[in-house]
Amino acid sequence: MDLDFSDNFIVKGKFSIGDAKTEFKSNLEKEEGEQMLRKEKIKLRKLQERLYADSGKSLLVVLQAMDAAGKDSLIEHVFGGVNPQGCEVHSFKTPSSKEYSHDFLWRHYLALPEKGKIGIFNRSHYESVLVCKVHPEYNLNEKVWDSVSDFDDKFWEERYESIRNFEKHLSENGTTVIKIFLHISKEEQKKRFLDRIDEQDKNWKFSMGDLPERALWDEYMKAYERAINETSKDHAPWFVIPGDDKWFARVAAIQIIIDALEGMKLKFPKLSEEDQKGLAEARKQLENE
């Protein structure tokens, strides 16, 4: 690709969500972008095969966004061509009673990709500093604290530190971590909500609970800005992708993912001299049948 979306959207230094664009202006048209996506999907499948064969590393893709930003459809269109045996998607909903009986990272450890695989977190451990930052009373379900007043600056600093340590540990043990925030405008979310109401085959996607959360838009933007600033590191960077055009977000995301895989310097296993002799012998046996 001529456009380098990894460099365009990676967060380095101080991040301001108010300055981040929800649309990307360029000469790239939708039809051209969709053609690019088809070509990149072939490249992604080949890289996934190499990741599986290498078997010493893994890739974790974290997707975060406001409601209706297109996370599900991005997963479908970007990863639709990979071998499902080497790719796992985990969508994290409200924690269960069992999950609440452990620390907030426990369920995410259980879902991490094995070596040789790609793992996708559709929402993630970041919900603990996003939705739980906007609704601090949710933290009381962990049964560690007595009151919402316990969730002071020190509490949140420790949460960010836990996340940074978690991701640093992963990166030091063979898992490349990339985090993507699909950034849509409030107007675009409104449009997509109305589409879900007006189009019968999309009615099931709409939840009345979406509207109270939408009313807290500014609070969520503050929570995202803080979380991204606290946790975008070289070993686990954030990429803020303009999300108002779904086709563009998919093209940008797949390039970021491909760049991450190429940066892992993956190799097919090299057979020993003894194993190569074994292959030659196997060929002879098969040809002589």
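How many salt bridges does the structure hold? The structure holds 20 salt bridges. Please keep in mind as you explore that this is a predicted model.

## The whole chain

Let us start with the overall picture. The protein chain is built with twelve helices and five strands. Its C-alpha trace spans about 75 × 50 × 40 Å along the principal axes. Of the 289 residues in the protein chain, 45% are buried.

## Strands in the interior

Now look at strand β1, which covers residues 58-65. How many of its eight residues are buried? Eight of the eight are, so β1 is largely enclosed by the rest of the structure. You can see this on each face of the strand. Ser58, Leu60, Val62 and Gln64 are buried on one side of β1, and Leu59, Val61, Leu63 and Ala65 are buried on the other. There is a general pattern behind such a list: in a regular strand, side chains alternate between the two faces of the sheet.

Strand β3, residues 118-122, tells a similar story. Five of the five residues of β3 are buried, so the rest of the structure largely encloses this strand too. Ile118, Ile120 and Asn122 point one way from β3, while Gly119 and Phe121 point the other way.

How do these strands pair up? β1 and β3 run parallel and are joined by five bridges. Within this pairing, Leu60 stands opposite Gly119 of β3, and Val61 has Ile120 of β3 as its bridge partner. β1 also pairs with β4, in the parallel sense and over eight bridges. There, Ala65 stands opposite Leu182 in β4.

β3 has a further partner in strand β2, which is made of residues 87-91. β2 and β3 pair in the parallel sense over five bridges, and Cys87 stands opposite Ile118 in β3. Following the pairings in order, you can walk from β2 to β3, from β3 to β1, and from β1 to β4.

## Salt bridges up close

Here are three of the salt bridges, with the distance between nitrogen and oxygen for each.

| Salt bridge | N to O distance |
|---|---|
| Glu167 and Lys179 | 2.8 Å |
| Arg283 and Glu287 | 3.0 Å |
| Arg123 and Glu127 | 3.7 Å |

Take the pair Glu167 and Lys179, which forms a salt bridge with its closest N and O atoms 2.8 Å apart. Glu167 lies in helix α7 (residues 153-171) and Lys179 in strand β4 (residues 175-183), so this pair ties together parts that are twelve residues apart in sequence. Are these two residues buried or exposed? Glu167 is buried, and so is Lys179.

The pair Arg283 and Glu287 has another setting. These residues are four apart in helix α12 (residues 273-287), and therefore about one helical turn separates them. Arg283 and Glu287 are both exposed.

In the pair Arg123 and Glu127, the side chains meet in a salt bridge. Glu127 counts as buried because its relative accessible area is 15%, and the cut-off for buried is under 20%.

Salt bridges can also be linked together. Glu157, Arg164, Arg226 and Glu230 are connected in a network of salt bridges.

## Two residues with a positive phi

Arg123 is worth a second look. It has a positive phi of about 70°, although it is not a glycine. Why point this out? Most residues other than glycine have a negative phi. Where does Arg123 lie? It is found in the loop between β3 and α6 (131-134).

Ser55 is also no glycine, and it has a positive phi of about 60°. Ser55 lies in the loop between α2 and β1. Its relative accessibility is 43%, so it counts as partly exposed.

## A charged patch on the surface

Finally, turn to the surface. Which residues gather in a patch of negative charge there? They are Glu29, Glu31, Glu32 and Glu34. Glu34 lies in helix α2, which covers residues 30-54. Glu34 is partly exposed, as its relative accessible area is 34%.

Technical notes
Residues numbered from 1 in each chain as written. Predicted model: local features only at pLDDT ≥ 70, side-chain atom pairs only at ≥ 80, totals over all residues. Heavy atoms only, no water. Patch = residues over 30% accessible without salt bridge, like charges linked within 9 Å, V, L, I, M, F, W, Y side chains within 5 Å. Areas by Shrake-Rupley, 256 points an atom, 1.4 Å probe, with all protein chains shown as cover. Salt bridge = Lys/Arg side-chain N within 4 Å of Asp/Glu carboxyl O. Lys, Arg positive; Asp, Glu negative; His and termini not counted. Charge placed at Lys NZ, Arg CZ, Asp CG, Glu CD. Buried < 20%, exposed > 50% of the residue type's maximum accessible area, 1.4 Å probe, protein only. Pairing = 2+ DSSP bridges.
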